[in-house]
Amino acid sequence: MNQHLNYHQSKLQELQASLLEDAGVQLLVLREDLNHPFVSGNKWWKLKYNLEEAQKLGHDTLLTFGGAFSNHIYATAAAAKDVGLKSIGIIRGEKNLPLNPTLEFAESCGMQLHFVSREDYRKKTESHFVDQLKNRFGNFYLIPEGGTNALAIKGCAEFAKEKIRPIDCTHVCLPVGTGGTMAGLISGLEGKPKVVGFSVLKGGSFLKDEIESLLGSSTHHNWEIQSDYHFGGYAKQTPELIDFIGKMKQEHNLALDQVYTGKMMFGIFDLIKMGSFNRGSIVLVIHTGGLQGSGI
Ligand SMILES: *Cc1c(COP(=O)(O)O)cnc(C)c1O
């Protein structure tokens, strides 16, 4: 019997602030971070159909890739354990002991960690490198770095249809790494409401092409990428960002992380301040989870 991941119902949280009243903008946060204690937020939806596919194909092991603080590694390790699969994590860079909390958790879920040099890590999509991994570890179901593939997009499209569509809103905002989640939302929402992605990487302009290629023929046009809120690049942070995250926690009881959701929310408030959202806008913010690495 195949086991499935548990899903906990998320909730909708409305933020109240004078800035929002002045701008005539309603801000709703879909607390998808609450959907699972360990496989939280978008990672739940990205893994759902990959887990099913691995089981359908008769695999007993998942293998995936990530950095030492990766939410994807953390979520995959927990998900594999939940559904009774083994897991292997190919980790970028040297092994440092003691393991950080992300990797320590992954290992406690039974994930076998294998550290590779940055140079080798770059080869992760080459078939020769994957063959070497098969020689070493035996057969496995491969999930790419960040978990983005066609089945991840299918899961995120389902999330959009089931959980976002019933909510009356004019905009849907989310943080963007690889673009897999955003591609799924665009595909599931089919052009309405508008999808606004906040790139957490510097030079996020390549993301537009990336998302178009992930969407293939199912492209819809009502979406855009904001690329001014990366705060210096992936996992980079500034005192201003940390201060903002502290205020969100204190004033709205809303925990955000520094890598993804904090940058997005800073961007949303900044755009509202600048009058970028029309009066009467209802902005739905997707809390994609990721609190594991943030120490909150
Ligand atoms: C992984 C992650 C993202 C990025 O998702 P992509 O599909 O790679 O764009 C966004 N938010 C959080 C919290 C994440 O963990």
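This report looks at the surroundings of a ligand and at two residues in a predicted model.

Residues are numbered from 1 along each chain as its sequence is written, and side-chain values use heavy atoms, with hydrogens and water left out. Because the model is predicted, local features need pLDDT of at least 70 and side-chain atom pairs count only at pLDDT 80 or more, while totals for chains, interfaces and linings use all residues.

**Around the ligand**

The ligand has 15 residues around it. A residue is near a molecule if one of its heavy atoms lies within 4 Å of it. Lys43, Lys46, Thr178, Thr181 and Thr288 come nearest.

Three polar contacts are listed below. A polar contact is a pair of N or O atoms within 3.5 Å; within protein, one must be able to donate a hydrogen and the other to accept it, and residues adjacent in sequence count only if both atoms are side-chain atoms.

| Residue | Part of the residue | Ligand atom | Distance |
|---|---|---|---|
| Glycine 180 | backbone | oxygen | 3.5 Å |
| Threonine 181 | side chain | oxygen | 2.7 Å |
| Threonine 288 | side chain | nitrogen | 2.7 Å |

Taken alone, the ligand exposes 390 Å², and the protein buries 97% of that. These areas come from the Shrake-Rupley method with a 1.4 Å probe; for residues, only the protein chains shown count as cover.

Which elements give two or more residues to the shell around the ligand? They are α2 (42–56), β7 (171–176) and α8 (180–189). Helices (H or I, at least four residues) and strands (E, at least two) are DSSP runs, numbered from the N terminus. Helix α2 gives the most, with 3 residues.

The shell draws at least three residues from each of domain 1 (12–41 + 149–293) and domain 2 (42–147). Domain bounds come from an automatic or database domain assignment. By class, the shell has 3 nonpolar, 10 polar and 2 charged residues. Ala, Val, Leu, Ile, Met, Phe, Trp, Tyr, Cys and Pro count as nonpolar, Asp, Glu, Lys and Arg as charged, and the others, Gly among them, as polar.

**Two buried residues**

Threonine 261 sits in helix α11 (residues 261–273). Threonine 261 counts as buried because its relative accessibility is 0%. Buried means under 20% relative accessible area, exposed over 50%, partly exposed in between (1.4 Å probe, protein chains only). Beyond its neighbours within four places in sequence, threonine 261 is in contact (heavy atoms within 4.5 Å) with Pro175, Leu256, His287, Thr288 and Gly289.

Isoleucine 211 belongs to helix α9 (residues 206–215). Isoleucine 211 is also at 0% relative accessibility, so it counts as buried. Not counting residues up to four places away in sequence, isoleucine 211 touches Gly179, Met182, Ala183, Ile186, Trp223 and Ile225.
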